[in-house]
Each structure stands twice: as C-alpha cells, then as structure tokens.
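Welcome to a short set of exercises with worked solutions. Keep the structure open beside you and try each task before reading on.

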Amino acid sequence: MLETDIFILGAGPGGVATALKLSYLGIPCIIADKAVFPRDKVCGDAISGKVTTLLNRLDPEILARFHNSPFHVDVWGIRFLAPNERLLDIPFKAQQDRSVQNAPGYVCRRMDFDNFLIEELKQRNNVQFFDNTAITKYERQGEFWMLSNDDGSFKVKTKLLIAADGAYSRFARQIGGLEKDNAHYAAAVRAYYSNVKGLSEEGFIELHFIKSIIPGYFWVFPLPDGGANVGLGMRSDILAKKQLNLKECLAELIENHPKLTPRFAEARLEGKVIGFGLPLGSKKRTISGDGYMLVGDAGHLVDPLTGEGIGNAFYSGFIAAEQAQACLKENNFSAAFLQAYDVRVERVLGSEMKISYRLQKMISFPRIANVLGYIISRNQKAIQVLSNIYTDFEVRLKLTKPLFWLKMYLGLDRKSNSK
Ligand SMILES: Cc1cc2nc3c(=O)[nH]c(=O)nc-3n(C[C@H](O)[C@H](O)[C@H](O)COP(=O)(O)OP(=O)(O)OC[C@H]3O[C@@H](n4cnc5c(N)ncnc54)[C@H](O)[C@@H]3O)c2cc1C
C-alpha cells in the first residue's frame, strides 16, 4: 500500500500539468495512468498558445525543448470556409513578426505531445509515475481516499485525489455527480490522412462550416510529415435531433463535397476513424468535494466554441496544484476549503466559456454564419480583429455584440480578402 498526500489519477495533459506544477512547487505526488506511453488520444491535435504560455511559465526550458522537437507544425493562422463556400484566410496577428516570435499555435499528434510531457515528468525526482495502472476502485475511509486497480496489486491511500482521467471519468460521474448533459456535450470523430492536397504552406488550420453539418464543423489540421488530422464534431443534442452518424458524415463529405473531394482524390486513410466525447464547459458545475478536485475533461472544461480542451486542462491542473499547496499548508482537505478551487477555475475560465457559448449559439444558424463571413471577407478591420480570436478573449467578447457587426457592415475599410 502506497501512502501519499496527493494522488493524481490520469496522466493526460491535465494530470501531467498538475504533477509538473506540484513538482516545481516542491511538493511530491504520485500519478498513475492505465495506458503505456506513447499512447494515442483521439483529438484534433491543435495546441493553443495557452499551453505554451503555461509551459513557459513553469520552465522556459521545457518550452524550448518542445519548440526544438521535430514532431509539431507551427500554426500561423486559420482558414475558414463559410456555409456559402466562401473561403477566408485569417493570419494570426503574430504572423507579422515571425522572426522574433514563436508560433501562436501548433499541431502535434497527441501520441507525441503527451509522450513529450511524460518524458518531462520522468525527469522530476519528486514525482512517482505508474503507467499500465488502471484505477477501478475508490473508497472514502475517514479523511482518506483508498484507490486500487482491479486485482489489488496497486493500492494507494491519499489525503487528496486529483481526478484527471478524462471525458469518461468514472470518478467524476459516480462521486462528483457530473452527469453527461447532451446540450453541454459534443461528439467528434478523428481520422489521420496522408496525401491530402492543398494544405496551407503557412500551417493554417482549416475550419469548414458546411451547411449539412452546421453547427458542427469539419476540420483539416496539417501534421509535420505532410499528413493531416481530419475530423468532424457536433453538439450531442443536435446530433441526436438530426439523427446523424458522424463517421458517415465524414465519409460523405470527403466523397461528395465539391471543395473537399478533389483534395482527397489521392489521400489515404491511415488507421481508423475514431470517435470520442467532449464535455463542454458551457454549464457551471461543482468540480471539487471532500478530498478531491476534478481537472481537465473530468471537470467538463472543454471550450464550447472551439472544442479546445488541452489548454483548459493545463489551467485547471495549475490551479489544482496551487490549491493542493494551500490544503497542505492548512492541513485542510474538506469540501468547504476546496471550494476555492471552483472559484478560481470560474474566475480564470468562466467568462471565456460564457463568451464561447454565446458565439457557438450565434454560428449555429447558417444564415448568420454566412452574413458574418460576408462582412468579414469585405472588411479589413474585421479581419484584424479576428486574427486575435484565439489569443485574446476581449476579441471574442466583441464578436458577440451585434453593434460590432453593424459597425463592420457599415465600415469604410472594405478591402476584400476573400478567395
Ligand atoms: C475528436 C476530438 C478533437 C479534439 N480536438 C482538440 C484540439 O484540437 N485541441 C484541444 O486543445 N483539444 C481538443 N480536444 C479536447 C482534448 O482532447 C481534451 O480536452 C484533452 O485531452 C483533455 O485532457 P485531460 O488530461 O483532461 O484528459 P485526457 O487527455 O483524456 O487524459 C486522461 C488520461 O486518464 C487516463 N485514464 C482514464 N481512466 C483511467 C483509469 N481508470 N485509471 C488510470 N488512468 C485512466 C487515460 O489513459 C488518459 O491518459 C478534442 C477532443 C476530441 C474528442
């Protein structure tokens, strides 16, 4: 039986971010994952600036090692396809100053990115990492959580449990009471393709808002070896209402969409098309309790507009580590004390979740999406504003205001940027 103050369940980005942050705070922990790394995780593989900002805050050398790795593509902008098939390239603002700046975003297979994080974790001498260890039993005994695997060969007793076991977290559902709510949940499928034509040479990620699948979107993200991460996602309640099958939709679009089909003419599917869930953060939930905190997908913290969850898993992991430090200092692991974790997560991520949710609802109407696409394509100022959408949440807030769009519509700067 292992004994520890802090045990982390799951070594995806959320769990590893928590463990690394604790380690840099000088606090030992044990972390376990059911997988053996490197392992795949179904994802779009887009790594936002949030992640690199936090890695840099932790230790600039970790970020430098990531930058110097061969397994990522630098992302310098977004290519949108509106429902009326108007194509629009939006370079990130940072693109203008590329010589001195790191890219604002990256695409990196999770097989590589998560393994990179695990390798960083293994360098830390105050972290004990167990792979191939599926935690299936948890029990509250007095002030402790007792956890074990199926056959009892791994047992741990901990004062504080940080559950970072992802979208299908049993602990979050059974103990935290976080049930799946289809209006605040999305489903998505992902496929790896080689030989897709017309990928941006600038490493732009592509988001296609296609009439038949709106308010979902189809994505094509460029990978380092010339391959592409291709996928399709949609809110679960709408998916159920439309009675769509995402794998069939993906195949249908690749086979029959006038803009996509020629690009996939010589493409080859590498492996299988795989689906997975995204617990969205558009509904406020309690993510801590007696002796535990929920981090990342286990806490339903995926951005409801972009589907981005790695950055929020990192943020919640850092906040959980700091909260754990406060718990140890006060020797208080009660639900009442741990509420401070919920408050901080809400303060850091709450407003951007609300804004993203408002924007998600706006673009769910094809007509609105078309009109916005039209306004953007004819207005340089709108393009400038949008070029900051992934890095600046004030910008997202602006985009939820009808007055902003009216001003853009009436604006004098109408230099076209459409293709
Ligand atoms: C199709 C799709 C596309 C996406 N695209 C993007 C994107 O482009 N960018 C982005 O930022 N986000 C994206 N996301 C969301 C992103 O994948 C998640 O938000 C992110 O992985 C959350 O990290 P996490 O550490 O909380 O959970 P996970 O990455 O799921 O890690 C959980 C870990 O817990 C382990 N585990 C689970 N159960 C147990 C157990 N019982 N015992 C031990 N270990 C266990 C698992 O093996 C896993 O390693 C996408 C999601 C999907 C489904």
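**Exercise 1.** Does Leu-250 count as buried or exposed, and why?

*Solution.* Bear in mind that this is a predicted model.
Step 1: find the residue; Leu-250 belongs to helix H7.
Step 2: apply the cut-off, where buried means under 20% relative accessible area.
Step 3: Leu-250 has 2% relative accessibility, so Leu-250 counts as buried.

**Exercise 2.** Which residues does Leu-250 touch, leaving out those up to four places away in sequence?

*Solution.* Step 1: list the contacts, which are Val-189, Ala-191, Phe-218, Val-230, Gly-231, Leu-232 and Val-273.
Step 2: pick one of them, Val-189, and compare sequence with space: Val-189 and Leu-250 are 61 residues apart along the chain, and their C-alpha atoms are 8.1 Å apart.

**Exercise 3.** Take the whole of helix H7 and work out where its buried residues lie around the axis.

*Solution.* Step 1: helix H7 spans residues 246–256, and its buried residues are Leu-246, Cys-249, Leu-250, Leu-253 and Ile-254.
Step 2: these residues cover an arc of only 125° around the axis, so they sit on the same side of H7.
Step 3: turn to the face pointing away from that buried side, and you meet the exposed residues Glu-248 and Glu-255.
Step 4: look at what the buried residues of H7 pack against: strands E12 (185–194), E14 (217–222), E15 (228–235) and E16 (268–279), together with helix H6 (236–242).
Step 5: check the start of H7, where the backbone nitrogen of Lys-247 has a side-chain oxygen of Asn-245 within 2.9 Å.

**Exercise 4.** Describe the surroundings of His-257.

*Solution.* Step 1: locate His-257 in the loop between H7 and E16.
Step 2: with 7% relative accessibility, His-257 counts as buried.
Step 3: look for a polar partner; a polar atom of the His-257 side chain lies 3.1 Å from the backbone nitrogen of Lys-259.
Step 4: setting aside residues up to four places away in sequence, His-257 touches Leu-81, Glu-85, Ile-210, Glu-252 and Pro-262.

**Exercise 5.** How many residues line the second largest pocket, and which lie nearest its centre?

*Solution.* Step 1: the space in the second largest pocket comes to about 290 Å³.
Step 2: its lining has 17 residues, with Gly-281, Lys-283, Lys-284, Arg-285 and Glu-346 nearest the centre.
Step 3: sort the lining by class, and you get six nonpolar, five polar and six charged residues.

Methods:
Residues numbered from 1 in each chain as written. Predicted model: local features only at pLDDT ≥ 70, side-chain atom pairs only at ≥ 80, totals over all residues. Heavy atoms only, no water. 1 Å grid on protein atoms, 1.4 Å probe; cavity = no way out; pocket = protein on both sides within 12 Å on 5 of 7 lines; lining within 4 Å. Points joined across faces, edges and corners; volume = space filled by probe spheres on them. Nonpolar A, V, L, I, M, F, W, Y, C, P; charged D, E, K, R; others polar. Buried < 20%, exposed > 50% of the residue type's maximum accessible area, 1.4 Å probe, protein only. Helix = DSSP H or I, 4+ residues; strand = E, 2+ residues; numbered from the N terminus. Arc of directions from axis to C-beta. Contact = heavy atoms within 4.5 Å. Polar contact = N/O pair within 3.5 Å; in protein donor to acceptor, adjacent residues only side chain to side chain.
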